[in-house]
Amino acid sequence: MSTILDLHSHSEASEDSRAPVEAYLNWIKLRRQERPLDGIVLTEHRQFNRHADYRALEDKYGMLVLRASEIETDYGHMLVFGVNDDITRRFDFADVRLPAQQVIDEVAAMGGLVVPCHPGRSNVGLCEHYEKRPALDNVVAVEILNGGSRKGENERSAALVAKFGYRATGGSDSHMVSLIGVCATRFEAEVGTIEELVHELKTGEYEAVDFRPRPSPIPRAIPVEAK
Amino acid sequence: MAVEYDPAIIGKVFDVTDPVPVTAVAVRDYCEALGETNPLFTDEQAARKGPHGRLCAPPSFAVTFRNGRHFYQHVPRFGRSGFDAGKDVEFIHPIFIGDQITLSSHVKEIYEKTGRSGSMVFVVIRSTLGNQLGETIAHIDHRFMHR
């Protein structure tokens, strides 16, 4: 049984989002045909929302709600999955200049996983930093599909994945309700907990999936013969 | 650009306005300007039968009150330029005709983030609206971006 999760989303716990978690779940429920998600991962900016409890919402909507973080490093923005007390004690997530290599290595040692997100984005993506400095070691996966990308950014991410052989995830990077689930990650295995998610990201089979609506083709003009 | 500031400024009230009376005329004009037709705000008889038993203002009336003249002088600045990055309003208590509203403001938060265009520093100023009974009416968080 496969599992489809949006691995990158922001709720109102992030300072630049006004999206309530319940509204996300309700939106997905109403659009299951277009976005067949099993759950979402909340990756709040520069923090880990440790005390949030979404179990009642999970039961109400039959969807998984996991918690992670989006941090800012000297190699751009990165998602941290499997955040625990050891990790939050070691790193100040509010620091916007966290040392990427150290975070990747130490988070892995403490049971989590760091996934650089929107690598094709200027200034805060891995690609631009790789042009100036050596590539990072021990990167397992990067976000190849980001729902908030501008033209060309996901293509740059794809080129990076091809060049370095990274594994690839997808996430909406949603800050508003209607964008939740437009990009996601399909896992071959069943994922029900954050520990299972970290395990699958490290060793399982998965791929980025794109549920963004396609623009309808413009009908060809039919020449009208002059009477 | 590393953000450096005196942490003592966080939470310190720097601006308190004189009380401003809420009049029926001001509320009526506000409703007319916005196309608000709910009689609870303008019709005394309807308001008496309503949830508060008297005329009140629409919640968004809270944003019509102005900060003090020197408000902007107290907003900490970082970098060379900036802009208004939006407002969040939390409505807590109704505003009634005859209320005397006061605004007090303090620096709520200063934080950094990075984006496509580089590093940014955000300053959040919280203005709290209170009435003559000491009740909190609303919180308005003004967000300013600097870089």
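1. How much area is buried between chain B and chain A, and what percentage of that area do carbon and sulfur atoms give? In this predicted model, the buried area comes to about 1,100 Å², and carbon and sulfur atoms account for 36% of it. Three residues, B:Lys113, B:Thr114 and B:Arg116, supply 60% of the area that chain B buries against chain A, which is more than any other three residues give.

2. Counted by residues, the interface brings 12 residues of chain B into contact with 16 residues of chain A. On the side of chain B that touches chain A, there are 3 nonpolar, 4 polar and 5 charged residues.

3. Between chain B and chain A there are 5 salt bridges, and one that can be looked up in the structure joins the side chains of B:Asp88 and A:Arg18, with a distance of 2.7 Å from N to O. The two chains also have 10 residue pairs in polar contact, with both residues at pLDDT 80 or more. Strand 4 of chain B, which covers residues 100-115, gives the most to the side of chain B that touches chain A, namely 5 residues.

4. The largest pocket has a volume of about 510 Å³, and among the 25 residues that line it, those closest to its centre are A:Asp16, A:Arg121, A:His175, B:Lys113 and B:Arg116.

5. The lining of this pocket divides into 5 nonpolar, 11 polar and 9 charged residues. Strand 3 (64-73) of chain A, as well as strand 4 and strand 5 (118-130) of chain B, each supply at least two residues of the lining, and strand 4 of chain B provides the largest share, with 3 residues.

Note on methods
Residues numbered from 1 in each chain as written. Chains lettered and ligands numbered in written order. Predicted model: local features only at pLDDT ≥ 70, side-chain atom pairs only at ≥ 80, totals over all residues. Heavy atoms only, no water. Contact = heavy atoms within 4.5 Å. Buried area = accessible area lost by both parts, 1.4 Å probe. Salt bridge = Lys/Arg side-chain N within 4 Å of Asp/Glu carboxyl O. Polar contact = N/O pair within 3.5 Å; in protein donor to acceptor, adjacent residues only side chain to side chain. Helix = DSSP H or I, 4+ residues; strand = E, 2+ residues; numbered from the N terminus. Nonpolar A, V, L, I, M, F, W, Y, C, P; charged D, E, K, R; others polar. 1 Å grid on protein atoms, 1.4 Å probe; cavity = no way out; pocket = protein on both sides within 12 Å on 5 of 7 lines; lining within 4 Å. Points joined across faces, edges and corners; volume = space filled by probe spheres on them.
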